[in-house]
Structure formats: C-alpha cells, structure tokens
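Work through the exercises below with the model open beside you, and try each task before reading its solution.

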Amino acid sequence: MKLLTHEIGSLAKPPWLVKASAGTPLDDSDVEHARTWGEKVGVDGHEELVEALQQGRLDKGELGHWASRYALRMLESAGLEVVYDSEQQRTEMYAWAVEHSNGFEPRGTVRSFDNKYYSKAAVLDRPSIDRAYDVEEYRFVAAHTDRRVKAPFTGPYTMVDWSYDEYYGHRGALGATAEERADARRRFLLDVAERVIRPNAAAVVGAGCEWIQIDEPALTTRPEEVPLGVEAYNESIEGIDATVSLHVCFSDYSLLFPHVLELENCLELQLEFANRDSRELGTDGAGRPGYAPLRLFKEHGGPSVGLGVLDIHSDFVEPAELVRDRIIYAAELLGPERVLVNPDCGLRTRSWDVAYQKLVNMVEGTRLAEEALNRAHAAAR
C-alpha cells in the first residue's frame, strides 16, 4: 500500500524576490537566504543567483524563475511526490486570475485572513481571457522537476464571491427580486467558469499537465449557494481530460454534503483538519477531534480525501508520529485507497524553515503510517 503525498499551493516568497518586486534594496540576510537554501536543498547553479543578488542585477522575471526553482527543490527535498512551484511567479491567488482576465477593474485592498490582504476588483463586463495565462508557468515548472506535477487554479465561485458585481446584477439592483439576483449570480459564475477558468486550465492540460487543482476557499461562504458552486466547478472542467482535485479550506464541511456528490471528475476533496485537531498521539475518534468531518465521507461516499495533516497557521512542527496517527485514523475509517496526504492549505504564512520541517515530517509520518497499515493488513490475512 502506498499513500501519495502532495502540496496544496503556496509557499512564502523568498525575501530577495519580495524586496526586488517592491523595489526595496536587498541586505546581506537576503543574499544569505539564497545561498543557504540553495545549498540546503540543492538548487543547481544557485551560485549564479547569489552573484546576481550581490551585484544588484535584479530582473524580476528572472528572480521569479529562480524562486520557482528554489520552491520546487524544497518540495522535492522534503520528499513530496506531487509538486508545483508554490505559486512563486504569481501574485495573490485571486489577483492573479483577475489581472489576466477581461471585464474586471481594481477596487482596493481588503483583508483575507490574519494579516493577509488581497486586491478586490469589480466586474464591469462579461469576463473572458485573451489567451491562456498559466501555460508558460506550467512549462517552466515541468522542465525543472522530475516529479509528478499538479497545477492550481483559483475556482469560479471564489473569483465571483471575492468580486463586486457591477455588471450582472447592478442594473435595477434595488428593485430586483430574489430570483433575479440569484439568476445574475449564476450567470456571473458560469461565465467565469466557461470563459476564464476552463480555457486557461484546458490549455495547461493541453501543454502536458495531467493533474489540476481547483481552489475554492469561499465555497461555503453562502451555504445556500454550495450547489451553485458545484455546478460552476463542473462547468469549469467540462471536457478537460485530466485528474482534478477540489481544494476547500477553513469551512464547515457538513455544508458540502450531499452537494459534492454531484462533482464530476473529482479525484479528491483537499480539506483542512489539522488546525482543529489535538496534538496528542492516538488513532481513535476521541483522540482525533479535528477529523470528525471524515464521518461525512464514510456516510455519503463521494471523492477521496486530500487529508490535511499540517496546521498552516502555527509554527508548531507536527512530529512524524502525530502525522502517522492522523493518517491511520483516516485510513481505518475510510479505507487507505481513499486517502491522500497534504498540508491543510498552502504554507505561505510560515517561514521556509518551519514549512520545510513540517513537510519533511509529513512525508516521514506518511511512510510510518504505510508501515503500520501494511503490518495490520498482513496480520489480518
């Protein structure tokens, strides 16, 4: 039995990329970060980057490529089997998609969570894209890793929910009926799914990507709209021949059921559990309170689970034995064939030191869980 380990999306950008993007002078610690991590995870030719940073040659495009290579090597060195570049060449997940879409206009900055903010936009016209905007990024990533690649895309429901609607429901909004407002919302969602997400993702798959991830952190924001979010997901991947995951974080997962049973071509739901869980060891339900929502998967069936085993909001580094027990509990409840292993969400809120050690322990804990489950299986035969 083998349990697949993969990342979710983002890592913090290296300080030398952040400062260069902001036009801020670098200091010795930034150069040392490039040197130390280049050596630690074995980035080929990292001396070239160190020299460029020392000499002030700071082309932002080149630095973005270097950051991708560093992030890939970090994930590979940690032992993950499925990787991406942790969105090093992108801005923020919502802003990146909006920046490359027609029909949106910036409206300022709002808080996302913790001390993280995103630039919110308004839709003023029917959204579309002129060309697929993530193909170049995918090709770069694929050319710099020998691991399996999973490309993430911000989902249609999150793009709509995080935008102001000044087009679909704007006219006559004060006098609109509930049905008219719901219809405007649905048209907005399906246009984003069909005219933004789908052509971009399809082009990345056409370039060779075999696994894509749709990110929907906002999916349960309005519980009554979860079925609409599922419909938009299905529209966004219609006709795309690839493995597809749906990532939903920090939600009441009971709101997803039974609607997610209507998801088409969905390998797994990648969900957050660890930040609700005990830090004590144990493999019974009483000892694993954060994983209680797994009983919904036991009751209803549906996709496999991308099991979040790392709390991304804490510097606490989960021991491998704790990761092991979380996986064993899930595997015994659902069957190991329905369990894949990942962090709760992207690790961009953590330092590289913390993120790396968390991922190393996640992989080690996964191997420990495999050994325990295989022993139990052999004993039962």
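**Exercise 1. Find which element supplies the largest share of the lining of the largest cavity, and describe that lining.**

Solution. Helix H8 gives the largest share of this lining, with four residues; helices and strands here are DSSP runs numbered from the N terminus, a helix being H or I over at least four residues and a strand E over at least two. Helix H5 (93-99), S5 and H8 each contribute at least two residues. The lining has 15 residues in total, and those nearest the centre of the cavity are Arg-90, Tyr-133, Asp-134, Phe-153 and Thr-154. A cavity is a set of points on a 1 Å grid over the protein atoms alone where a 1.4 Å probe fits but cannot get out, and a lining residue has an atom within 4 Å of a point. By character, the lining holds nine nonpolar, two polar and four charged residues, where Ala, Val, Leu, Ile, Met, Phe, Trp, Tyr, Cys and Pro count as nonpolar, Asp, Glu, Lys and Arg as charged, and the others, Gly among them, as polar.

The model is a predicted one, in which local features need pLDDT of at least 70 and side-chain atom pairs count only at pLDDT 80 or more, while totals for chains, interfaces and linings use all residues. Residues are numbered from 1 along each chain as its sequence is written, and side-chain values use heavy atoms, with hydrogens and water left out.

**Exercise 2. State how many cavities of 30 Å³ or more there are, and compare their volumes.**

Solution. The count comes to two. The largest has a volume of about 90 Å³, and the second largest one of about 50 Å³; a volume is the space filled by probe spheres set on the grid points, which are joined across faces, edges and corners. The lining of the second largest cavity includes Glu-7, Ser-86 and Leu-359, and its residues divide into seven nonpolar, four polar and one charged. Of these lining residues, Ser-86 deserves a second look: its phi is positive, about 60°, although it is not a glycine, and its place is the loop between strand S1 (82-83) and H5.

**Exercise 3. Give the strand order of the open six-stranded sheet, and explain what is particular about the strands at its edges.**

Solution. The order is S5-S7-S8-S9-S10-S11, with parallel pairing, two strands being paired if DSSP finds at least two bridges between them. Strand S5 (151-154) and strand S11 (339-342) stand at the edges with a single partner strand each, so one side of each has no neighbour in the sheet. From one strand to the next, the twist averages 25°; axes are lines fitted to C-alpha atoms, for helices over the stretch in contact, and angles run from 0 to 180 degrees between N-to-C directions. Within the sheet, S7 (residues 211-215) and S8 (residues 243-248) pair over five bridges, and Trp-211 stands opposite Thr-243 in S8.

**Exercise 4. Identify which strands helices H8 and H11 lie across.**

Solution. Helix H8 (residues 178-206) lies across S5 and S7 and runs at about 170° to S5, contact meaning heavy atoms within 4.5 Å. Helix H11 (residues 320-334) lies across strand S10 (304-308) and S11, at about 165° to S10.

Terms used:
1 Å grid on protein atoms, 1.4 Å probe; cavity = no way out; pocket = protein on both sides within 12 Å on 5 of 7 lines; lining within 4 Å.
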